[in-house]
Amino acid sequence: KGRGRRNTKSEEAILKSTFELLKEKPLRDITIEAIARKAGVGKMTIYKWWPGKAYVALDAYREVIERNIPIADTGDVEKDLADLLRSATILSGSPDGRIFGQFLAETQCDPDFAKFFREDFLKPRRDAIQELLGRAVMRGEIDGTVNKELVLDLPRACTSAPPSFSFRYV
């Protein structure tokens, strides 16, 4: 994220406006000017807080991911992982979920954004799941020798898993 003190009201307007634009057109067709106009702020306000449109768009999209794919720790790792997988599958098939691919495309042509995407967007979610798995190991729900990286990659590898998909073998 950029520098400067943020006005919460302006930030909310920018993020909301950006997400609305993402629902209307591809990221490549969105401009900082359009975001600023829709949010009722100046372009410099956006540039003060984000280095470019992909960054503000990813921050706007983060709320969708956090709301639709929560990382819960109910004390039942099988339920938590199954719910996580189910939520990811449902979102990926929705119009909001299809926006995610635009960020992957952006990582292919912008190495700085790719680094930001990995470190600021993906890594915190992976770390939260790692913590969930660590607590499950401590509770004796899963074997401590399980390959946690493989478990973390299951939602991507198994997006077509049926609702009854079981983690009993983890």
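1. A helix here is a DSSP run of H or I at least four residues long, and helices are numbered from the N terminus. With that in hand, we can place a residue: aspartate 120 is found in helix α8. Please keep in mind as you read that this is a predicted model.

2. Let's start with the overall plan. The protein chain has 9 helices and 0 strands. Following the sequence from beginning to end, you will meet the pattern α-α-α-α-α-α-α-α-α. Of the 170 residues in the protein chain, 39% are buried.

3. Now find α8, which covers residues 111–138 and has 28 residues. From its first C-alpha to its last, α8 reaches 38 Å, close to the 40 Å expected at 1.5 Å a residue. Look along α8 for its bend of about 40° at leucine 122. A proline, proline 124, follows leucine 122 within four residues.

4. The two ends of α8 deserve a look too. At its start, a side-chain oxygen of aspartate 110 comes to within 3.1 Å of the backbone nitrogen of aspartate 112. Just after α8, glycine 140 has a positive phi of about 80°.

5. Which residues of α8 are buried? They are Phe113, Ala114, Phe116, Phe117, Phe121, Arg125, Ile129, Leu132, Leu133 and Ala136. While you trace them on the model, a general point may help: an α-helix has 3.6 residues a turn, so residues three or four places apart point the same way.

6. Back to aspartate 120. Is this residue buried or partly exposed? Aspartate 120 has a relative accessible area of 27%, and because buried means under 20% and exposed over 50%, with partly exposed in between, aspartate 120 counts as partly exposed. Aspartate 120 and leucine 58 are 62 residues apart in sequence, yet their C-alpha atoms are 9.7 Å apart in space.

7. Another aspartate to visit is aspartate 59, in helix α4 (residues 53–68). Its relative accessible area is 4%, so aspartate 59 is buried. What does its side chain contact? The side chain of aspartate 59 makes a polar contact with the side chain of tryptophan 50, at 2.6 Å.

8. Valine 41 sits outside the helices just discussed, in the loop between α2 and α3 (43–49). With a relative accessible area of 17%, valine 41 is buried. Valine 41 and glutamate 11 are 30 residues apart in sequence, and 9.4 Å separates them in space, C-alpha to C-alpha.

9. Next, see how some of the helices pack. Helix α1 (residues 8–24) and helix α2 (residues 32–39) meet at an angle of about 120°, with their axes 8 Å apart. α1 and α2 are therefore oblique to each other, and α1 passes α2 in a right-handed crossing.

10. Helix α7 (residues 100–109) packs against α8 at an angle of about 135°, and their axes are 5 Å apart. That angle makes α7 oblique to α8. The crossing of α7 past α8 is left-handed.

11. Finally, turn to α4 and α7, whose axes are 11 Å apart and which pack at an angle of about 150°. Why are α4 and α7 called roughly antiparallel to each other? Angles over 145 degrees count as roughly antiparallel, and the angle here is about 150°, so α4 and α7 are roughly antiparallel to each other. α4 passes α7 in a left-handed crossing.

Note on methods. Residues numbered from 1 in each chain as written. Predicted model: local features only at pLDDT ≥ 70, side-chain atom pairs only at ≥ 80, totals over all residues. Heavy atoms only, no water. Expected span 1.5 Å × (residues − 1). Bend = angle between axes of the 7 residues up to and from the residue. Buried < 20%, exposed > 50% of the residue type's maximum accessible area, 1.4 Å probe, protein only. Polar contact = N/O pair within 3.5 Å; in protein donor to acceptor, adjacent residues only side chain to side chain. Axes fitted to C-alpha atoms, helices over the stretch in contact; angles between N-to-C directions. Parallel < 35°, antiparallel > 145°, perpendicular 65-115°, else oblique. Left-handed = near helix turned anticlockwise from the far one by under 90°.
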